[in-house]
Structures are given as structure tokens and as C-alpha cells.
Amino acid sequence: MLDLKFVRANPELVKAGALKKRIACEVDRVLELDLEVRQLKTESETKKAEQNRATKEIPALTGEAKAAAIQAMKQLGVEQKALDQQVREKEAELRELLLRIPNPPGEEVPDGADDTENVELRREGEPTVFDFEPKDHIELGQLHDMFDFERATRIAGSRTYFLKNAGALLELSVLRLALDHMTAKGYAPMLVPNLVRREAMEGTAYFPGGEDQAYCTERDELYLIGTAEVPLTSFHAGEILELADLPKKVCGWSNCFRREAGAAGRDTRGLYRIHQFQKIEQVIVCEADEEVSKAFHAEILRNSEEVLQMLELPYRVVNVCSGDLGSGQIQKFDIETWMPSRGNWGETHSASRFHEFQARRLNLRYRDAEGKVRFCHTLNNTVIASPRVLIPLLENHQRADGSIYLPKALRPYLGGRELLEPR
RNA sequence: GGAGAGAUGGCAGAGUGGCCGAAUGCGCCCGCUUGCUAAGCGGGUGGAGGGCAACCUCCCCCGGGUUCGAAUCCCGGUCUCUCCGCCA
């Protein structure tokens with residue numbers, strides 16, 4: 001959420017930002033409501049002040065004077081409550097609209113409509129060259145008896161899967177590798193609630209707008225998270241942290257649930273786009289300083305790159321264009337890993353910085369060096385998401401005989417094995 | 001799921017209709033004092049909004065209500081604790 005004062009002072013900038021992001025919102029209506037609310041509040045507060053004054057005098061009065069005063073206040077109270085009612089209604093409408101105004105994108109964000117206009121920043125490694133006909137991860141999975149899609153579909157519907165045997169172990173191994181990597185860097189490991197309240201979804205800016213993507217348990221009004229970012233960023237919501245406590249660096253392991261509404265027919269085969277997966281997510285809460293924020297953005301990007309390097313996978317980093325940014329994101333770098341079966345780079349990581357956008361919604365604050373209370377900055381990035389990452393892992397490391405080369409870093413998690421042999 | 005108790009400032013803990021934005025203690029900050037780790041004395045010490053200066057308004061878990069007036073009474077919600085039931 002943007003600061004209303006900021007919107008008030010920079011309406012054109014805010015509108016331009018929304019335009020760049022291709023997100024519709026009602027800036028003018030917000031300003032109009034803002035004005036109305038302030039006027040109504042001033043009126044209401046004037047009456048309230050008068051009441052407060054009278055309230056102090058009434059106990060001293062007696063007889064006629066007292067009765068008259070009470071009568072007058074009764075009348076004033078009615079008027080004041082009517083004003084308050086209006087204020088409440090207007091404020092609710094204002095908030096609803098304000099929540100939908102996007103954070104203007106940063107200067108370094110390329111303009112573009114969708115992911116086809118993202119800009120490649122650099123490549124680390126090149127597409128794998130095979131001297132044999134490579135198999136896709138589904139075939140490899142069959143060969144190794146690692147997945148079962150048919151039975152999963154029967155039991156749980158589309159976009160579901162079982163991981164079994166080496167597939168199950170592989171997932172746990174990459175997750176643990178990623179978690180250990182982050183822990184060694186001083187990020188606090190967290191196991192998080194996978195089911196959260198609406199406020200957490202709203203606070204992290206998934207709602208309003210993203211309701212279609214989240215599973216909702218209607219009876220209990222709880223939502224299944226699509227990422228550990230939601231509980232992790234919400235962790236200190238409502239608190240005022242001390243500067244000395246910042247930055248907060250954490251990494252959380254969670255299951256992630258996504259309805260994939262609107263993606264019907266896209267990526268229906270295999271492990272790419274599924275309803276449930278596991279992910280290690282890194283989150284940083286830091287002071288409200290753009291340079292600090294940017295430095296941490298680079299840090300969380302580097303952390304994830306290191307994981308891919310340990311997995312010996314080719315990848316590239318793209319600067320996500322304005323139209324492909326979420327409403328709260330100032331800037332986002334995606335990491336795309338080479339996926340031979342797609343003949344293309346596929347998104348495996350997404351590193352975002354938000355400035356105060358989430359913190360303001362979450363009321364996540366800190367006391368700066370001058371003792372002033374300010375909203376924190378927040379950032380997050382995938383460390384690893386599985387089973388999607390198994391696609392490049394299996395496909396890039398396959399050998400002509402169908403065996404899978406295991407990167408050195410991964411071996412300790414798989415009993416020292418260097419190779420997965422077909423069963 | 002059933003029965004009961006409770007939620008007050010960084011913490012502890014008063015307050016049951018006006019004198020309470022809130023006693024007291026601890027903690028913290030500033031100053032003074034004292035020759036020595038410590039103590040004493042004085043002052044200060046939450047957040048939000050509006051004019052943005054004096055000032056005004058709001059916040060005693062959250063949201064409504066009663067009342068001239070609510071931390072205090074009523075209703076709804078959330079959370080915590082105790083007992084019973086169930087359970088990985």
C-alpha cells in the first residue's frame with residue numbers, strides 16, 4: 001500500500017507507475033475520497049472537542065443548567081455520530097481503492113507488457129549440448145520410477161503428482177541443501193504456518209486481487225499459502241523493531257499451494273506447473289533505505305545463484321519488465337534455468353524488493369537512528385522450489401544411458417551417490 | 001467440541017461510569033550529586049491522524065452498542081490460560 005500522503009503529493013507519478021505496470025486503479029477517486037474524509041473528520045472532531053469540553057463541565061452543573069447542557073450534548077452526539085458513520089463508509093471505500101494502487105516500478109525496470117519483454121541481464125552457463133537424443137524429465141522419471149502422475153490425477157485431480165523413490169529423496173535433498181546453504185549464511189531457518197489469515201495475504205499484497213490463485217478453507221476463513229513469503233514477511237507485523245535488530249534475515253520451508261486459475265491448458269505435462277510444491281524462501285526485513293534495499297536485493301539474488309551453481313545448472317538472470325511485476329514490487333529479477341525439454345529457460349526463482357509497500361500494510365515498523373518510527377523495507381527470493389527444479393536437474397544431468405549425474409554438492413544428501421541409475 | 005477465567009503502556013501491575021492516555025514499581029533516556037562496579041536526587045519516557053505552530057481528535061485486544069460522558073456497562077469477534085472430550 002502506498003502512503004496516502006505520497007499519492008496526494010504525487011498523483012501523476014502514481015498514475016504513470018500504474019500505467020507502466022498495466023494495472024488499472026482509481027487514483028483520482030482516491031484523492032477525491034481523501035479530501036472528503038478529511039473534511040468530514042474535521043467536522044466530526046470539532047463536535048467531538050465540544051463534547052469533551054462539555055463533559056468536563058457537566059458534573060459541576062446542577063438543575064436547569066445541567067439538564068440543558070445534557071440536552072444540547074444529546075443533540076450534538078447524534079450529529080457527530082452521523083458524521084462518523086459517513087467517515088467510516090468513505091474510509092472503507094478509500095482503503096479498498098488504495099490497496100489496489102500499485103507501487104510505481106523502479107527506474108531500472110524495463111517497460112513491457114508481459115514476460116516476453118523481460119530483459120536478459122546475463123547468462124551463467126549455456127544451454128546444455130547433448131551428443132545423444134535427450135529425454136524429458138517425465139521419461140527420465142519413468143526410467144527411474146520417480147513420479148506417478150496417473151494415480152495422482154485419479155486421487156487428487158489435475159496438476160498433481162507423487163514423488164517416489166529417488167524422486168522423493170531428490171526433492172528432500174535439494175531442499176535441505178538450499179536450507180543448509182542459507183543457514184550457513186546466517187539466515188534463520190523457519191518452518192512456517194502453511195495456512196494463514198486474510199490479513200497475512202493482504203499484508204503481503206497477494207490480496208486483494210490474487211484471491212483466484214489461493215486455496216481458501218471457507219469454514220475457517222484461512223488460506224493456503226502460495227509461498228512462505230506470506231508468513232515470514234508477516235512475522236513481525238504490528239511490531240516496532242529496533243534498528244539494532246535489523247536486518248532480519250530468514251529462510252522458511254513450506255508447502256506452497258496455487259490454484260493456477262487462468263492457466264488452463266498451459267504447461268499441463270510434467271512437473272512445471274502444479275498445484276502443490278515445496279519451497280525454501282528467503283526474506284529480508286531491513287531499514288527504509290533504498291540503497292540498503294538494493295544491496296540486499298543483490299544479496300538474495302546471489303544466494304540463489306550459488307545454489308544453482310552448486311547444482312551445476314546453467315541459468316540466466318532477467319530483469320522483469322513493468323507489465324510482469326506484481327502490484328507491490330519495485331523491481332524483480334527472475335532466475336531462469338535451462339530446461340532442455342522446453343528448449344528454453346524456465347523460471348525457477350524470483351527475487352523482489354518492495355520498499356515499504358508490504359510493511360505499510362503489515363504495520364511493520366522500526367525505530368531509526370533518530371528515534372523516528374518508520375516502515376521497514378522488505379525483500380524476498382526463492383532459494384529453491386521443488387519439484388520444478390528437478391526438471392533442469394534431471395534433464396541437464398542425464399547421460400546417454402539414462403543415468404543421472406549428481407552434482408558434488410548434492411551427494412552428501414544422497415548417501416554419497418555420484419549417479420542415479422535407472423531401476 | 002463442552003465448561004470456566006482472562007486480555008491495560010517495553011515489562012510487571014492498579015484501576016468497575018466523569019478527577020484515566022491511564023497510579024505504582026521495574027526498565028530506558030537526560031541532568032545533578034557522590035572518588036571508586038553501586039547508590040541518591042530531579043526531569044523525561046507509546047502510537048496514529050488533522051492544522052502541521054500553540055492546538056484538536058483517536059487508540060487501555062479488535063469491531064459495534066448503551067450513555068451528556070466508557071479502560072470501566074452490553075453485544076459480536078480474535079487470542080491466551082484451566083478443566084473435560086478427541087487426536088497426529
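Four aromatic pairs turn up in this predicted model. Phenylalanine 147 and phenylalanine 149 make one of them, a tilted pair with 5.8 Å from centre to centre and 55° between the planes. Both of these phenylalanines are buried. Tryptophan 338 and tryptophan 345 pair up as well: their ring centres are 5.2 Å apart and their planes stand at 75°, so this pair is edge-to-face. Here, too, tryptophan 338 and tryptophan 345 are both buried.

**Charges over a ring**

Tyrosine 272 is worth a look from the side of its ring. The charged end of arginine 342 sits over that ring, 3.6 Å from the centre, and arginine 388 lies over the face of tyrosine 272 at 3.7 Å from the ring centre.

**The chain as a whole**

Stepping back, chain A contains 12 helices and 18 strands. Its C-alpha trace spans about 105 × 45 × 40 Å along the principal axes. Of the 423 residues in chain A, 49% count as buried. Among contacts with a separation of 6 or more, 73% join residues that are 24 or more positions apart.

**A buried lysine**

Which strand holds lysine 332? Lysine 332 belongs to strand E12, residues 331-339. This lysine is buried yet has no salt bridge, and the nearest side chain of opposite charge is that of aspartate 334, 4.9 Å away. A salt bridge would need a distance within 4 Å. A polar atom of the lysine 332 side chain does lie 3.5 Å from the backbone oxygen of aspartate 324. With neighbours within four places in sequence left aside, the contacts of lysine 332 include His297, Val318, Leu325 and Ser350.

**Two helices**

Helix H6 (residues 149-156) is capped at its N-terminal end by aspartate 148, which places a side-chain oxygen 3.2 Å from the backbone nitrogen of glutamate 150. After H6 comes glycine 157, with a positive phi near 90°.

Leucine 97 is part of helix H4, residues 63-99. Is leucine 97 buried or exposed? Its relative accessibility is 15%, so leucine 97 counts as buried. Not counting residues up to four places away in sequence, leucine 97 touches Glu26, Arg29, Val30 and Leu33. Leucine 97 and methionine 1 are 96 residues apart along the chain, and their C-alpha atoms are separated by 9.9 Å.

**Backbone angles to check**

Most residues other than glycine have a negative phi, and most peptide bonds are trans. The table gathers some exceptions.

| Residue or bond | Feature | Angle |
|---|---|---|
| Phenylalanine 207 to proline 208 | cis peptide bond | omega near -10° |
| Serine 386 to proline 387 | cis peptide bond | omega near 15° |
| Aspartate 145 | positive phi | about 55° |
| Aspartate 267 | positive phi | about 45° |

Where do these residues sit? Proline 208 is in the loop between helix H8 (198-203) and strand E6 (216-217). Proline 387 is placed in the loop that runs between strand E16 (377-386) and helix H12 (390-396). Aspartate 145 is found in the loop between helix H5 (137-144) and strand E2 (147-148). With a relative accessibility of 28%, aspartate 145 counts as partly exposed. Aspartate 267, finally, has its place in the loop between strand E9 (248-257) and strand E10 (276-286).

Notes: Residues numbered from 1 in each chain as written. Chains lettered and ligands numbered in written order. Predicted model: local features only at pLDDT ≥ 70, side-chain atom pairs only at ≥ 80, totals over all residues. Heavy atoms only, no water. Phe/Tyr/Trp six-rings, centres within 6.5 Å; stacked < 30°, edge-to-face > 60°. Buried < 20%, exposed > 50% of the residue type's maximum accessible area, 1.4 Å probe, protein only. Lys NZ or Arg CZ within 6 Å of the ring centre and 35° of its normal. Helix = DSSP H or I, 4+ residues; strand = E, 2+ residues; numbered from the N terminus. Lys, Arg positive; Asp, Glu negative; His and termini not counted. Polar contact = N/O pair within 3.5 Å; in protein donor to acceptor, adjacent residues only side chain to side chain. Contact = heavy atoms within 4.5 Å.
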